[in-house]
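Reader: Could you take me through one part of this model in detail? I would like to start with the cysteines and then move on to the helices around them.

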Amino acid sequence: MDLVEAHKIPLGRWLEHGIDALDANAAWLFDLISDVLGGAIDGLIDLLMWFEPLVLVLLFALLAWLLHRSVVLTVSIAASLLLIVNLGLWEETIETLALVVFATVICMSVGVPLGILSAHRPWLHAVLRPVLDLMQTIPTFVYLIPTLILFGLGVVPGLISTVVFALPAPIRLTHLGIASVPRPLIEAGEAFGASRLQRLVKIELPSAAPSIMAGLTQCIMLSLSMVVIAALVGADGLGKPVVRALNTVDIASGFEAGLAIVILAILLDRICKPRRRTVPVRAAGPVTGRPARDR
């Protein structure tokens, strides 16, 4: 045992030297990424804060009505957002919403194409699978340290850490949806002379749409679960009052901020879920041994 421990492989030191080399030689690149992403998030926050809270509540309720045509959902969303306004957490909610929106857009923009490619190329799936396992199981604080070193304090390291944590969900679910397309559909498209792109757009993506949308909602939920972690590296939003309440043992403030996170999660989940379509059922006559037109 002592012999094995005496010849420790310095994996941590190698990684540390690699991060230091990146910080020394590509600091300009990370500063550029930080400025662009930080400016984009701040711009979205300023745009949303330009509206009066009541106007934005009405816009969210109208969006829910247009997407789902549900009175119960529309009224619930409006009442939940009014509760957040009443609690005095509107600005923090908007900051969290901006972070989640950007993280979800980045994850879906990267995850869906990678999921499609991995479904069509088994070797790529074999390479991605251990990487995705590592991204989902490694403790969050482990990769929070290098992102903090490379991007500095602020919302950007929180965004990068959120993307790393949430990215496996859309990749896995997109791969599952594309790989589960019934083979007869693919063969029918090939029989009609459809190109690879036409099969993807007209057959595979529509068939895999429920799985891809499940990846979207999972990405949103995972992004919201990182709100408190992102606050530890300087990201604004609902995570800050939670961390502040934890440091001061303030049960009331912690509960209110946690409730606002839950409300935002439910709101985004309900809005992004596809609308249920009812299939009309034809009236059938009494069951007999003959078709209806013969009776």
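Author: The sulfur of C219 has its closest cysteine sulfur in C107, at 3.8 Å, which is too far for a bond. Bear in mind that this is a predicted model. A disulfide would need the two sulfur atoms within 2.5 Å, and seen from C107, the closest cysteine sulfur is that of C219 at 3.8 Å, so no bond is drawn here either. Searching the whole structure gives zero disulfides. Are these two cysteines buried or exposed? C107 counts as buried because its relative accessibility is 0%, and C219 is buried too, with a relative accessible area of 0%.

Now to helix 6, which spans residues 90-120. Its axis and that of helix 7 (residues 122-137) come within 5 Å and cross at roughly 125°, which means that helix 6 lies oblique to helix 7. On the helix 6 side, the contact is made by L114, L117, S118 and H120; helix 7 brings P122, L124, H125 and L128. By type, the residues of this contact are five nonpolar and three polar, with no charged ones.

Helix 6 also turns up around helix 14 (residues 239-248), whose buried residues are G239, P241, V243 and A245. The cover over these buried residues includes helix 6, together with helix 13 (227-231) and helix 15 (251-272). One last detail to look for: V249, just after helix 14, takes a positive phi of about 55°.

Conventions. Residues are numbered from 1 along each chain as its sequence is written. This is a predicted model: local features need pLDDT of at least 70, side-chain atom pairs count only at pLDDT 80 or more; totals for chains, interfaces and linings use all residues. Side-chain values use heavy atoms; hydrogens and water are left out. Axes are lines fitted to C-alpha atoms, for helices over the stretch in contact, and angles run from 0 to 180 degrees between N-to-C directions. Helices (H or I, at least four residues) and strands (E, at least two) are DSSP runs, numbered from the N terminus. Angles under 35 degrees count as roughly parallel, over 145 as roughly antiparallel, 65 to 115 as roughly perpendicular and the rest as oblique. Contact means heavy atoms within 4.5 Å. Ala, Val, Leu, Ile, Met, Phe, Trp, Tyr, Cys and Pro count as nonpolar, Asp, Glu, Lys and Arg as charged, and the others, Gly among them, as polar. Buried means under 20% relative accessible area, exposed over 50%, partly exposed in between (1.4 Å probe, protein chains only).
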